[in-house]
Amino acid sequence: DFKFSYLEFRLWIGIWTAVLLLALVVFNLSFLVRYITRFTEDCFASLVAIIFIIDAVRETFDIRKRYPVNYHPDVPLDYNCSCIFPSNSAYNDSDEFNRTECVKLGGSLVGSGCLTPKYYSDIFFFSVLLFFFTFIICLTLKEFRNTKFLPMKIRTTISDFAVLIAIILMSCWDLYLGLATPKLVVPSEFKPTRPHDRGWIVPFYTGKNPWWTIPLAILPALIGTILIFMDQQVTAVIINRKEFKLKKKLGYHLDLFVLAITIFICSLLGLPWFVAATVLSLTHVNALKIISDNTAPGERPKFEGILEQRISCLLMSILIGLSVFFTKILRFIPIPVLYGVFLFMGVIALRGMQVFDRVLIFFMPSKYQPDHPYLRHVTIWRVHLFTGIQILSLAGMFVVKSVKMIAIAFPLLVLATCFIRKLMDYIFTQEELYWLDDILPGHNVGRVRRMTVVRNVNFSKDKNCNALITTNEKKQNENDAGLVENGLAKVRRLKMVEEDDSGEATLVVYLSLT
């Protein structure tokens, strides 16, 4: 609208973004990730997964707009339409052109059937089949690792290459039928997308944009820096969770430094910016899980950690670079197949999040609820309250992202989830937040953990605390004695009485198995 050169303005946005990211590294501001708790992680990661799912379904069904379906086949179709050119045109009315070519060449469409669309009876429905079959094959082969068929190594290999197998099978099916389904559009030559008005390097200043657009680019760069910082660091925090049992140290500063360099290079070349993708990163980590091989009959394999190495990332980067030479093969991949992969990645990422598990608990009677640790220490209505606040935050982020007029404020809303989490300190106790989320800096995590017991069972004060033994504890003593007699374990029970703010004594029982 303002006749600006987009690539030149974008270059300066990328330069200022790189400068701001380097400033974050120099001033050690990555320590702010301490305030990114599971509440923010799950909100952001769930949003990305939901976007993957919604966009995949929407784009698949939008194929119907390009290849419309005739839902009234009994009604005769009127295709009476002619292309009329002006008298001074180089083309004659007798020349045969389709509607798009006629309008592009300066002609006019005349006839009662010019608005009648061309219908396709099979392309849309076959695209839907490709979409769902790709998703089902990916999900089935991914879960094949946990079945009882074939040796463990074969099951693991099939599970790791589930996406590739699904893409090959569905692409071969589409090639066999020979339908004109929409295919992946890739360039046939290695050159800039618009070679007529730009080269490989975007110039810093050509005079097309006023000089004041250079300092003006700081404003969108600031918003972009917030989004990149949150996207990169939230993904890094999710990947470095304790449950993944990673051994190598963290690299938040190094990640931002490398990111700043790549953003500058990509802006100079007019390429998209690269940042850690939450769904792709979770999929990569899940593919590198190490599962125990030696298990007792009937016992499920156990998760032992992540295979930490650099080979897989290096090979992925090399293959992405070499993909420019595979364009003749990639153009045979149907677009619905890729949408099915996106749906699979979104569903897999969503299934591994605690917020998704807590949403399912809304619809479960108490006797069917899974044995999650937070359900042992937090009453169920407080769990639902925490989940409700998280869902409202997620819904707000999704609405802001979906409305184009206010979508530029999306990075600020992602940052606002950290402040919402801080306000929750006034709604929930630290013991509840310890099990539902993470404790923010400034609180003694060890003391909070010591003060938590199963559903906070309280007893009246008594001078002789050793007499405070419940029926459940007596049953546990009998079970422990049976373990010792069978030689399976030696059980030591330690009792400690702590007082809370109300003056009541709480009995805490610790079991030590050796």
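**Figure 1. Overview of the predicted model.** Of the 514 residues of the protein, 36% count as buried. The model shown here and in the following views is predicted. The protein has 21 helices and six strands. Among contacts with a separation of 6 or more, 71% are accounted for by residues 24 or more positions apart.

**Figure 2. Close-up of Thr 37 in the loop between α1 and α2.** The loop that holds Thr 37 lies between α1 (6–26) and α2 (38–61). Thr 37 has a relative accessibility of 1% and therefore counts as buried, the limit for that class being under 20%. The side chain of Thr 37 forms a polar contact with the side chain of Asp 437, at 2.8 Å. When neighbours within four places in sequence are left aside, Thr 37 is in contact with Arg 421, Asp 437, Asp 438 and Leu 440.

**Figure 3. Close-up of Asn 28, a residue with positive phi.** Asn 28 is also located in the loop between α1 and α2. Phi of Asn 28 is positive, at about 60°, although the residue is not a glycine. Most residues other than glycine have a negative phi. With a relative accessible area of 42%, Asn 28 is partly exposed.

**Figure 4. Close-up of Leu 150, in the loop between α5 and α6.** Helix α6 spans residues 152–160. Leu 150 is not a glycine, yet its phi is positive, near 65°. The relative accessible area of Leu 150 is 49%, and Leu 150 is therefore classed as partly exposed.

**Figure 5. Packing of helix α5 against helix α14.** The two helices comprise residues 123–143 (α5) and residues 335–351 (α14). Their axes are 8 Å apart and meet at an angle of about 40°, which makes α5 oblique to α14. The crossing in which α5 passes α14 is right-handed. On the α5 side, the contact is made by Ser 127, Leu 130, Phe 131, Thr 134, Phe 135, Cys 138, Leu 139, Lys 142 and Glu 143. On the α14 side, the residues are Pro 336, Val 337, Tyr 339, Gly 340, Val 341, Leu 343, Phe 344, Val 347, Ile 348 and Arg 351. By class, the contact of α5 with α14 has 13 nonpolar, three polar and three charged residues.

**Figure 6. Packing of helix α9 against helix α10.** Helix α9 comprises residues 218–239, and helix α10 comprises residues 252–269. The axes of α9 and α10 lie 11 Å apart at an angle of about 140°, and the two helices are therefore oblique to each other. Their crossing is right-handed. From α9, Ile 228, Phe 229, Gln 232, Gln 233, Ala 236 and Val 237 meet Tyr 252, Asp 255, Leu 256, Leu 259 and Ile 263 of α10. The residues in this contact of α9 with α10 divide into eight nonpolar, two polar and one charged.

**Figure 7. Surroundings of Leu 256 in helix α10.** Leu 256 has a relative accessibility of 0% and so counts as buried. Apart from residues up to four places away in sequence, Leu 256 touches Leu 21, Leu 24, Val 25, Ser 30, Phe 229, Gln 232 and Gln 233. Among these, Phe 229, Gln 232 and Gln 233 belong to α9. Leu 256 and Ala 23 are separated by 233 residues in sequence, while their C-alpha atoms are 9.9 Å apart in space.

Note on methods. Residues numbered from 1 in each chain as written. Predicted model: local features only at pLDDT ≥ 70, side-chain atom pairs only at ≥ 80, totals over all residues. Heavy atoms only, no water. Helix = DSSP H or I, 4+ residues; strand = E, 2+ residues; numbered from the N terminus. Buried < 20%, exposed > 50% of the residue type's maximum accessible area, 1.4 Å probe, protein only. Polar contact = N/O pair within 3.5 Å; in protein donor to acceptor, adjacent residues only side chain to side chain. Contact = heavy atoms within 4.5 Å. Axes fitted to C-alpha atoms, helices over the stretch in contact; angles between N-to-C directions. Parallel < 35°, antiparallel > 145°, perpendicular 65-115°, else oblique. Left-handed = near helix turned anticlockwise from the far one by under 90°. Nonpolar A, V, L, I, M, F, W, Y, C, P; charged D, E, K, R; others polar.
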